[in-house]
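Work through the exercises below with the coordinates open. Try each task before reading its solution.

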Amino acid sequence: MRIGCLNTIFLIASLNAVGQSLSPPQLLCATNELSGDVSLVWSIPDNPCGPFLGYEIYASELREGPYALLASIAAEATTDFLHSGAGGITTTWYYYMVPQYDCPGFDAPSSDTLDNRDPEPPVIDFVSVENGAVELNWLPSPSPETTGYIIYRQVLGFTPVDTVYGRFNTTYIDVTAAVSEQSETYSIAAVDSCRTLGLFANPAHNTILLQTVPDPCGSLRLEWNFYAEWPSGIASHEIRVSIDDGPETTVESLGPGVRSYELAVNDTDSVCVRVRALREDGVFSNSNQVCRVIAKVQPSRFVYLRNASMEGEQTARIEWYVDPTADAETWRLERGESPGPWTVRASEPLIPPVLDFITYRDEPVQAGRYYRAQTQDSCGVFVPSEAGRTIRLRGEAGFGLSNMLTWNPFLLPNSTIVGYEVYRLDAGLWTLMASLGPTALSYSDDVSGLLDGDGIFCYRVEAMFDLDLPELNVLERLVSQSNEVCVEQIGKVFVPNAIVPGGSNPIFKPVILFGQADSYTLQVISRYGGVVFESNDPERGWDGTIDGQAAPGGSYGYVLRFTAVNGQDIVKKGNVTVVR
């Protein structure tokens with residue numbers, strides 16, 4: 001029974017040993033020497049199962065074989081071999097190794113097959129800017145001897161920046177790249193354990209450099225270079241935007257040939273933007289991210305007229321408020337016979353902030369004209385006020401001893417007329433003659449009590465109004481004056497038609513209003529054509545005598561001449577009857 005058990009155990013152990021594999025030597029590299037010989041280097045395998053018998057090196061000029069035994073190495077510690085006469089500069093050789101150990105039941109597997117060519121370069125899959133650094137991704141080199149990769153960046157030619165170890169480590173982050181200043185270009189070369197460097201990856205790949213050109217009048221212009229090294233090309237571009245630290249989203253998808261875009265933005269937005277180039281299979285490359293706080297030109301929200309008033313006969317004083325928050329550069333005042341067409345009267349630079357209203361005096365100008373003010377910003381945008389109008393006062397001598405005054409309605413946006421006041425210039429002082437309602441547009445001034453003057457009467461009208469501008473917190477009562485107008489009463493004469501010597505009306509003396517004394521002439525003529533009385537003094541009349549004797553009763557003619565204060569020569573002829 002004990003023997004049977006032992007035989008069973010021995011059989012199980014023998015069966016477990018069958019089919020197990022030894023570790024092959026790791027053939028590290030096959031390097032061409034300048035002589036054309038090929039140097040092989042390998043590492044010693046760890047196989048403690050039995051005594052070492054040797055290494056067998058096989059070679060062929062074809063990858064698929066047949067392979068012939070090139071050499072047998074008897075010393076286990078040996079790690080290199082020189083294939084003399086290989087002509088490796090012009091001939092491609094393929095090698096593998098098989099270890100030989102005295103390990104019954106163990107298979108002796110071969111090493112990887114290497115050739116004597118330099119390691120093949122990897123194919124760059126994409127480069128992308130991520131978090132201010134460049135992420136490189138590539139496909140593993142097909143050369144099994146590859147042990148790492150040298151990363152190159154173009155700096156006056158390609159300059160190594162780092163080494164990545166491991167054939168299947170195919171990602172690298174370059175934190176030293178100036179991704180916001182330039183498009184960075186990269187290549188990669190594979191390297192083996194013998195530091196044999198393969199060719200550079202071709203083509204090299206470049207990052208996308210995004211540049212922004214802010215337009216304070218509108219959008220944010222984006223410009224970028226193409227990501228041009230994918231064999232299949234770019235499928236599309238995405239514009240990716242984050243506003244005020246919000247999530248990044250795609251706001252636009254553009255064609256592969258587009259390399260600029262106008263991004264609509266709002267004033268004071270904190271905008272971060274980048275461009276993403278996409279391949280058809282979904283692989284993408286990001287540009288650098290550009291962040292800006294948007295500062296756009298602030299257009300005027302309003303221009304408000306404050307007043308439109310005459311000063312004297314031919315000067316208009318125009319006042320207006322501008323938007324103190326706007327980025328206006330110039331102001332312009334325009335005048336029109338009606339609300340347009342407009343003529344520019346003045347234009348000057350506007351230096352913000354404007355904390356008070358602007359005043360301009362326009363002369364010479366006739367009253368009753370329309371005005372508007374405008375501001376212009378650096379984007380060429382004009383913002384006009386609504387039109388206002390000054391008061392034009394007209395006057396003429398009316399029937400009897402009165403002066404008729406008329407005027408157009410005062411016009412000013414955002415205002416309410418309280419009333420009109422009529423003033424007359426008396427003895428050098430403006431005297432209030434009447435306070436009228438807000439719809440009054442005329443006034444008749446009775447001057448019958450002012451017969452001792454020169455007959456010239458000067459007037460002006462003032463409109464009282466309330467200006468209400470809530471946006472400026474303005475509520476004020478103001479006055480707009482009309483032009484000054486003077487009315488001349490024409491010369492007038494009152495002549496009696498009869499006198500009663502010694503009675504109630506003994507003197508024939510015309511009464512002259514608004515005439516000049518030095519131009520006065522009065523003649524009384526008899527029925528026979530003779531002059532019986534003549535005087536150049538308006539205060540001296542005819543007493544009904546001729547040469548000191550009482551004139552016979554009856555009708556006498558007269559001729560009266562004088563010059564009115566307005567320069568008009570007046571001649572009046574008629575008859576006067578002497579009653580006895």
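The exercises cover ring pairs, charges over rings and a surface patch in this predicted model.

**Exercise 1.** Classify the ring pair of tyrosine 67 and tyrosine 96, and place both residues in the chain.

Solution. Start from the count: the model has 18 aromatic pairs. For this pair, the centres of the rings are 5.1 Å apart. The planes meet at 65°. Angles over 60 degrees count as edge-to-face, so this pair is edge-to-face. Next, locate the residues. Tyrosine 67 sits in the loop between strand E4 (52–60) and strand E5 (68–73). Tyrosine 96 belongs to strand E7 (residues 94–101). The two are 29 residues apart, and the pair links distant parts of the chain. Finally, tyrosine 67 has a relative accessible area of 22%, so it is partly exposed.

**Exercise 2.** Do the same for tryptophan 138 and tyrosine 149.

Solution. The ring centres lie 5.4 Å apart, with planes at 65°, so this pair is edge-to-face. Tryptophan 138 is in strand E11 (residues 133–139). Tyrosine 149 is in strand E12 (residues 146–154). The pair therefore ties together parts 11 residues apart in sequence. Both residues are buried.

**Exercise 3.** Find the charges that sit over the rings of phenylalanine 226 and tryptophan 430.

Solution. Over the face of phenylalanine 226 lies arginine 259, 5.4 Å from the ring centre. Over tryptophan 430 sits the charged end of arginine 460, 4.8 Å from the centre.

**Exercise 4.** Which residues form a nonpolar surface patch with Leu197?

Solution. The partners are Phe158 and Phe200. Together the three have about 230 Å² of accessible area. Leucine 197 is in strand E16 (residues 197–200). Its relative accessibility is 35%, so leucine 197 counts as partly exposed.

Definitions and conventions: Residues numbered from 1 in each chain as written. Predicted model: local features only at pLDDT ≥ 70, side-chain atom pairs only at ≥ 80, totals over all residues. Heavy atoms only, no water. Patch = residues over 30% accessible without salt bridge, like charges linked within 9 Å, V, L, I, M, F, W, Y side chains within 5 Å. Areas by Shrake-Rupley, 256 points an atom, 1.4 Å probe, with all protein chains shown as cover. Salt bridge = Lys/Arg side-chain N within 4 Å of Asp/Glu carboxyl O. Helix = DSSP H or I, 4+ residues; strand = E, 2+ residues; numbered from the N terminus. Buried < 20%, exposed > 50% of the residue type's maximum accessible area, 1.4 Å probe, protein only. Phe/Tyr/Trp six-rings, centres within 6.5 Å; stacked < 30°, edge-to-face > 60°. Lys NZ or Arg CZ within 6 Å of the ring centre and 35° of its normal.
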